[in-house]
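Please work through the following exercises with the sequence and the structure at hand. Each task is followed by a solution in steps.

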Amino acid sequence: MTEFEKMRAQQFYRFDNDEGMESTRHANRLCARLQTMTLSDADYRAVIEELIPGIPASSCVNPPFHCDHGHGIKLGENVFVNYNATMLDGGLITIGSNTKLGPNCQLLTPNHPMDFMARREPQERCLPIHIGEDCWLGAGVIVCPGVSIGDRSIIGAGSVVVKDIPSDCLAVGNPARVVRKLK
């Protein structure tokens, strides 16, 4: 198994491998191009489609935008990602249809070893993030590795989501906790 395959398989892998580094360089170049674009620029769509293959025409990601690879991000129909999102997509990031992310949201799949000696090595493990359909993440929400957020849930601005949130819930805080069920 290659280091890149280990990354996608949620195993510890060396992030200094050639395949992963080239994937990151490719994403860095495209993200840098996006920094000077708006949604209405003629070449915006071509750049975002190269960065996030399969992005539906009905979905948009407002620049500036940052990611590790781009091809680890799967967006449903009518997804809106506001300014300055960061998606570290070593692990797969899936966002369901009709979901909205406020500005400055961070979806972070990498998880470094707990042992300090192991952290000295260029290794990590990436755990996928899944956000359901019809969700709303307020400004500045951070979603940690391995978290799933259920359909129709709302995460309040500035929250840090460290564990799964069920469907139809309002969750807020650091760490985010469910404060009520939504109707």
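The exercises below concern a predicted model and treat its strands, a helix pair, its loops and its backbone geometry.

**Exercise 1. Parallel pairing around β6**

Task: Determine which strands pair with β6 and in which sense.

Solution:
- Step 1. Begin with strand β3, residues 65-67, and strand β6, residues 85-88; three bridges connect them in the parallel sense.
- Step 2. Fix the register of this pair: His66 has Thr86 of β6 as its bridge partner.
- Step 3. Turn to strand β9, residues 106-108, which also pairs with β6 in the parallel sense, again over three bridges.
- Step 4. Fix the second register: Thr86 has Gln106 of β9 as its bridge partner.
- Result. Thr86 is thus a bridge partner of His66 and of Gln106.

**Exercise 2. The seven-stranded sheet**

Task: State the strand order of the open sheet of seven strands, and identify which strands stand at the edges.

Solution:
- Step 1. Reading across the open sheet gives β2-β5-β8-β13-β16-β18-β19, with mixed pairing.
- Step 2. The edge positions belong to β2 (60-61) and β19 (177-181); each has a single partner strand, so one side of each lacks a neighbour in the sheet.
- Step 3. Within this order, β16 (residues 154-155) and β18 (residues 169-172) run parallel and are joined by two bridges. Ile154 has Leu170 of β18 as its bridge partner.
- Step 4. β18 and β19, in contrast, run antiparallel and are joined by four bridges. Here Leu170 stands opposite Arg180 in β19.
- Step 5. The hairpin of β18 and β19 has four residues between the strands, and Gly173 takes a positive phi near 105° in this hairpin.
- Result. The parallel pairing of β16 with β18 and the antiparallel pairing of β18 with β19 illustrate the mixed character of the sheet.

**Exercise 3. Packing of α2 and α3**

Task: Describe the relative orientation of helices α2 and α3 and the residues through which they meet.

Solution:
- Step 1. Two quantities are required, since a helix pair is described by the angle between the axes and the distance between them.
- Step 2. For α2 (residues 18-34) and α3 (residues 44-51), the angle is about 155° and the axes are 10 Å apart.
- Step 3. Angles over 145 degrees count as roughly antiparallel; α2 and α3 are therefore roughly antiparallel to each other.
- Step 4. The handedness of the α2 and α3 crossing is left-handed.
- Step 5. On the α2 side, the residues in contact are His26, Ala27, Leu30, Cys31, Arg33 and Leu34; on the α3 side, they are Tyr44, Val47, Ile48, Glu50 and Leu51.
- Result. By class, the residues of this contact comprise eight nonpolar, one polar and two charged.

**Exercise 4. Two loop residues: Asp115 and Ser159**

Task: For Asp115 and Ser159, decide whether each is buried, partly exposed or exposed.

Solution:
- Step 1. Locate Asp115 in the loop between β10 (110-111) and α4 (116-119).
- Step 2. The relative accessible area of Asp115 is 42%, so this residue is partly exposed.
- Step 3. Relate Asp115 to the helix pair: Asp115 and Glu50 are separated by 65 residues in sequence, and their C-alpha atoms are 37 Å apart.
- Step 4. Locate Ser159 in the loop between β16 and β17 (160-161).
- Step 5. With a relative accessible area of 1%, Ser159 is buried, the cut-off for burial being under 20%.
- Step 6. Beyond residues up to four places away in sequence, Ser159 touches Gly140, Val141, Ile142, Ala171, Val172, Gly173 and Ala176.
- Result. Asp115 is partly exposed, whereas Ser159 is buried.

**Exercise 5. Backbone exceptions**

Task: Locate the cis peptide bonds before Pro64 and Pro175, and the positive phi values of Gln10 and Asn84.

Solution:
- Step 1. Recall the background: most residues other than glycine have a negative phi, and most peptide bonds are trans.
- Step 2. Pro63 and Pro64 are joined by a cis peptide bond with omega about 0°; Pro64 is in the loop between β2 and β3.
- Step 3. The bond from Asn174 to Pro175 is cis, with omega near 0°, and Pro175 lies in the loop between β18 and β19.
- Step 4. Gln10, not a glycine, has a positive phi of about 65°. Gln10 lies in the loop between α1 (3-8) and β1 (13-14) and is partly exposed at 37% relative accessible area.
- Step 5. Asn84 has a positive phi near 65°. Asn84 lies in the loop between β5 (80-81) and β6 and is partly exposed at 30% relative accessibility.
- Result. The cis bonds lead into Pro64 and Pro175; the positive phi values belong to Gln10 and Asn84.

Terms used. Residues numbered from 1 in each chain as written. Predicted model: local features only at pLDDT ≥ 70, side-chain atom pairs only at ≥ 80, totals over all residues. Heavy atoms only, no water. Pairing = 2+ DSSP bridges. Axes fitted to C-alpha atoms, helices over the stretch in contact; angles between N-to-C directions. Parallel < 35°, antiparallel > 145°, perpendicular 65-115°, else oblique. Left-handed = near helix turned anticlockwise from the far one by under 90°. Contact = heavy atoms within 4.5 Å. Nonpolar A, V, L, I, M, F, W, Y, C, P; charged D, E, K, R; others polar. Buried < 20%, exposed > 50% of the residue type's maximum accessible area, 1.4 Å probe, protein only.
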